[in-house]
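User: Hi! Could you walk me through this one while I have it open?

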Amino acid sequence: MATPIFTVRGLVKKYDGKPVLEGLDFDVRRGESLVILGRSGSGKSVTLRQLNGLEKPDSGTVSFDGVEITSMHEKDLYPIRRRIGMLFQGGALFDSMTVEENVSFPLREHRDMDEEEILERVRQKLSLVGLKDVEELMPSELSGGMKKRVALARSLALDPEVVLFDEPSTGLDPMTSALIAHLIRQSQASLATTSVVVTHDIPLARHVGDRVAFLCQGTFSFLGTWEQADQTSDQVFGDFLAGRMGDEDAA
Ligand SMILES: Nc1ncnc2c1ncn2[C@@H]1O[C@H](COP(=O)(O)OP(=O)(O)O)[C@@H](O)[C@H]1O
Ligand SMILES: [Mg+2]
C-alpha cells in the first residue's frame with residue numbers, strides 16, 4: 001500500500017499547561033477525504049495547524065509525504081506549505097482586496113507567473129467553484145456562500161496535493177452548505193487531492209468523508225468508515241452523530 005500522505009504519532013499539544021491533544025495517532029491516506037468531527041473546543045483547529053506546521057507540538061511527530069515536519073525550521077516549511085492548501089475557519093478573505101487579488105494572493109507569494117497566467121489560473125479556479133465574472137468584486141459585495149467559494153478557489157490556487165478545510169460550512173444555510181460539500185468533493189475528484197475536513201456539520205461530513213474520526217479528550221476515540229461509524233459502540237460519538245449533544249455546538 002502507498003505510504004500515507006500524513007503520519008501523526010503521539011501528538012501532544014498544550015496551551016498554558018492545559019493539554020488539548022493528548023497523544024494523537026493517525027494516518028491520512030493519499031487521495032482520501034478524512035473528516036474530523038468533534039465538539040467545539042475539542043482541538044480540531046489545533047490539529048489542522050499541526051498538519052501544516054503552523055504550530056509546533058509539545059511532543060510527538062507529524063510527517064508529510066515521508067518527511068518529518070515537526071522539527072523543521074520555518075523557512076524549510078515554506079515549500080511544504082505550498083503543497084498544502086488551507087481553507088481557514090470563517091473563510092477569511094482580505095476585505096480590502098478584490099476577488100481576483102484574493103485568489104491570486106498565493107500565486108503572487110509563491111509562484112513566478114506573469115499577469116496573464118495569473119488571471120487565467122484565477123478564472124480556472126473560480127470556474128471550478130462555479131463562479132464567473134466576479135473577479136473585480138469586493139468581498140463585501142458577495143453572499144456568505146460566494147465568499148466561501150472564493151476562499152475555496154484561493155485554497156486551490158497553487159494546485160495543492162492536500163487541502164485542509166476548517167469548518168467550511170459554518171454560518172451557511174443548509175442548501176449552501178450542501179453546495180460547498182459538493183464542491184469539496186468535486187474539486188477533490190477532479191484535482192486528485194487529499195482532503196482533511198474539520199467540521200461539526202454532520203450532513204457535510206457524510207457527503208465528503210471517506211473516513212471519519214471523532215476527536216474527544218485529546219485523541220480519536222473513533223476512526224473508521226461511515227458504515228463502521230453508524231455501528232459505533234462509543235456512546236459519546238453515537239450521541240454526537242445522533243445530534244444528542246450540548247447546545248454549545250449549535251453554532
Ligand atoms: N493559540 C491558542 N492559545 C491558547 N489556547 C488555545 C489556542 N488555540 C487553541 N486553544 C485552546 O485549545 C482548545 C481547542 O481549540 P480548537 O482547536 O480551536 O477547538 P475546535 O475543536 O473548536 O476547533 C480550546 O480550549 C482553545 O481555547
Ligand atoms: Mg475550530
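Analyst: Happy to. This is a predicted model. A good place to begin is β6 and strand β7 (residues 162–166), which pair in the parallel sense over 4 bridges.

User: Nice. Which residue in β7 does L87 stand opposite?

Analyst: L87 stands opposite F165 in β7.

User: And what lies across β6 and β7?

Analyst: That's α5, which runs at about 165° to β6.

User: OK, zooming out: what's the strand order of the open sheet?

Analyst: The order is β6-β7-β8-β3-β9-β10, so to speak left to right as listed, with 6 strands and mixed pairing. At the edges are β6 (84–87) and β10 (219–225), each pairing on one side only. On average, neighbouring strands of this sheet are turned by 15° against each other, direction ignored.

User: Switching to the core: which residues touch the most other members of the largest nonpolar core?

Analyst: L164, V196 and A213 do, out of 59 residues in that core.

User: What does L164 touch, leaving out residues up to four places away in sequence?

Analyst: L164 touches L48, L51, N52, I84, M86 and V196.

User: Now helix α3. Which of its residues are buried?

Analyst: In α3 (residues 99–110), V99, N102, V103 and S104 are buried. The buried residues of α3 pack against α4 (115–128) and α5 (144–155).

User: Last one: how do β1 and β2 pair, parallel or antiparallel?

Analyst: Antiparallel, over 8 bridges between β1 (residues 6–15) and β2 (residues 18–28). F6 stands opposite V28 in β2. Their hairpin has 2 residues between the strands, and D16 takes a positive phi near 50° there.

Key:
Residues are numbered from 1 along each chain as its sequence is written. Chains are lettered from A and ligands numbered from 1 in the order in which they are written. This is a predicted model: local features need pLDDT of at least 70, side-chain atom pairs count only at pLDDT 80 or more; totals for chains, interfaces and linings use all residues. A residue is buried if 20 or more other C-beta atoms lie within 10 Å of its own, exposed if 12 or fewer, and partly exposed in between; C-beta atoms are placed from the backbone. Two residues are in contact if their C-beta atoms, placed from the backbone, lie within 7 Å. A nonpolar core is a set of buried Ala, Val, Leu, Ile, Met, Phe, Trp, Tyr and Cys residues joined through C-beta atoms within 7 Å. Two strands pair if DSSP finds at least two bridges between them. Axes are lines fitted to C-alpha atoms, for helices over the stretch in contact, and angles run from 0 to 180 degrees between N-to-C directions.
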